[in-house]
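Reader: I am new to this structure and should like to understand how its descriptions are reached. Would you set out the reasoning with me?

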Amino acid sequence: MTSIAENLEKAATRIRSAAEEAGRDAQGVRLLAVSKTKPASMLREAAGAGQTAFGENYIQEALEKIEALSDLPDLEWHLIGPLQSNKTRLVAEHFHWVHSIDRAKVARRLSEQRPEGMTPLNLCIQVNIDDEPSKSGVRPEEVPGLAQALSGLEGCRLRGLMAIPDPANPPPVQRERFRELAGLLAEVRRGVDNEDLDTLSMGMSDDLEAAIAEGATILRLGTALFGPRDYEAQ
Ligand SMILES: *Cc1c(COP(=O)(O)O)cnc(C)c1O
């Protein structure tokens with residue numbers, strides 16, 4: 001077995017035991033392989049071991065890999081890095097998910113630019129859950145209003161919320177942040193009557209257990225699958 005296949009197995013085992021611990025069905029937790037900075041050959045290896053969903057931070061880098069792996073039929077591409085409104089067209093044409101929505105304008109453009117015949121683009125609102133001035137994402141109190149603004153878009157489906165809590169938080173605070181995000185999703189679901197709202201994109205290599213305990217449905221794992229990165233994304 002290759003090391004990426006082994007890492008995928010280890011991650012699956014961690015997910016299963018965390019789900020069991022939390023009294024949840026592990027089927028309700030999807031693994032997104034975060035492949036920023038990693039070459040297409042490593043993604044191909046992961047795909048060979050059964051991984052289908054990949055998360056990328058940079059649009060240009062992602063497009064190169066999407067092209068390089070276009071012979072693999074069932075891959076699903078998730079944008080998890082910041083998206084400026086002048087870059088929306090390529091994202092609308094090539095991705096399946098965007099986890100980093102923080103403005104209605106960007107979502108409206110994605111919706112208008114989503115090609116006919118493609119399934120709607122899945123969106124998550126990124127929440128600055130620690131309310132740190134320098135971080136991307138909307139403030140928690142802005143989430144219900146933005147969700148309302150996104151709920152009628154033709155080319156997109158609002159699926160839920162995403163957050164990247166400050167990794168410097170001690171574990172109990174980290175878990176508290178995940179719980180707050182889950183609470184926000186529940187609040188949004190009460191406000192907009194939308195059964196598509198089923199997604200909590202939270203939890204990374206170091207904190208996936210806490211995220212699963214608080215209801216994560218998509219984990220974003222980079223280092224645990226592909227090893228450390230030579231340079232950082234953000
Ligand atoms: C890089 C990145 C991850 C993966 O982080 P790891 O600690 O390597 O698992 C997850 N989410 C986002 C938004 C990222 O930029």
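Author: The following exchange takes the descriptions one by one; the model is a predicted one.

Reader: What makes the chain as compact as a globular protein of its length?

Author: The chain contains 9 helices and 8 strands. Its radius of gyration is 17 Å, and the globule rule gives 17 Å for 234 residues, so the chain is as compact as a globular protein of that length. Along the principal axes, the C-alpha trace spans about 50 × 40 × 35 Å.

Reader: How much of the chain counts as buried, and what supplies the exposed area?

Author: Buried residues make up 51% of the 234. The chain exposes about 11200 Å², of which 48% comes from carbon and sulfur atoms. Among contacts with a separation of 6 or more, 58% are between residues 24 or more positions apart.

Reader: Why is Glu56 called buried?

Author: The term requires a relative accessible area under 20%. Glu56 has 0%, so Glu56 is buried. This residue belongs to strand E2, residues 53-56. Beyond its neighbours within four places in sequence, Glu56 is in contact with several residues, including Ser35, Lys36, Glu61, Lys65, Trp77 and His78. Glu56 and His78 are 22 residues apart in sequence, while their C-alpha atoms are 6.3 Å apart in space.

Reader: Is Thr37 buried or exposed, and how do you know?

Author: Thr37 has a relative accessible area of 17%; the limit is under 20%, and therefore Thr37 is buried. Its place is in the loop between strand E1 (30-34) and helix H2 (40-48). Its phi is near 70 degrees, a positive value in a residue that is not glycine.

Reader: Why is Asp131 given another term, partly exposed?

Author: Partly exposed lies between the buried limit of under 20% and the exposed limit of over 50%. The relative accessibility of Asp131 is 38%, so Asp131 counts as partly exposed. Asp131 lies in the loop between E5 and H6. Although Asp131 is not a glycine, its phi is positive, at about 55 degrees.

Reader: How do you know where Asp166 lies relative to Asp130?

Author: The C-alpha atoms of Asp166 and Asp130 are 6.8 Å apart, with their positions 36 residues apart in sequence. The two residues are also in contact, a term that requires heavy atoms within 4.5 Å. Leaving aside neighbours within four places in sequence, Asp166 also touches Glu132, Lys135 and Gln174. Asp166 is placed in the loop between E6 and helix H7 (171-191).

Reader: What makes a set of residues a nonpolar core?

Author: Its members are buried nonpolar residues joined through side-chain atoms within 4.5 Å. The largest such core has 64 residues, and those with the most contacts inside it are Val98, Leu110, Leu123, Ile125, Leu150 and Leu219. Helix H1 (residues 3-21) gives the most to this core, with 6 residues. Another core, of 8 residues, lies apart from it and includes Ala53, Ile80, Cys124 and Met162. In soluble globular proteins, nonpolar side chains tend to be buried together.

Reader: Which residues of helix H5 are buried, and against what do they pack?

Author: In H5 (residues 104-113), the buried residues are Ala104, Val106, Ala107, Leu110, Ser111 and Gln113. They pack against helix H4 (88-94), strand E4 (97-101), strand E5 (121-127), helix H6 (143-150) and strand E6 (156-163).

How values were computed
Residues are numbered from 1 along each chain as its sequence is written. This is a predicted model: local features need pLDDT of at least 70, side-chain atom pairs count only at pLDDT 80 or more; totals for chains, interfaces and linings use all residues. Side-chain values use heavy atoms; hydrogens and water are left out. Helices (H or I, at least four residues) and strands (E, at least two) are DSSP runs, numbered from the N terminus. The radius of gyration is taken over C-alpha atoms; the globule rule is 2.2 Å times the number of residues to the power 0.38. Buried means under 20% relative accessible area, exposed over 50%, partly exposed in between (1.4 Å probe, protein chains only). Accessible areas come from the Shrake-Rupley method with a 1.4 Å probe; for residues, only the protein chains shown count as cover.
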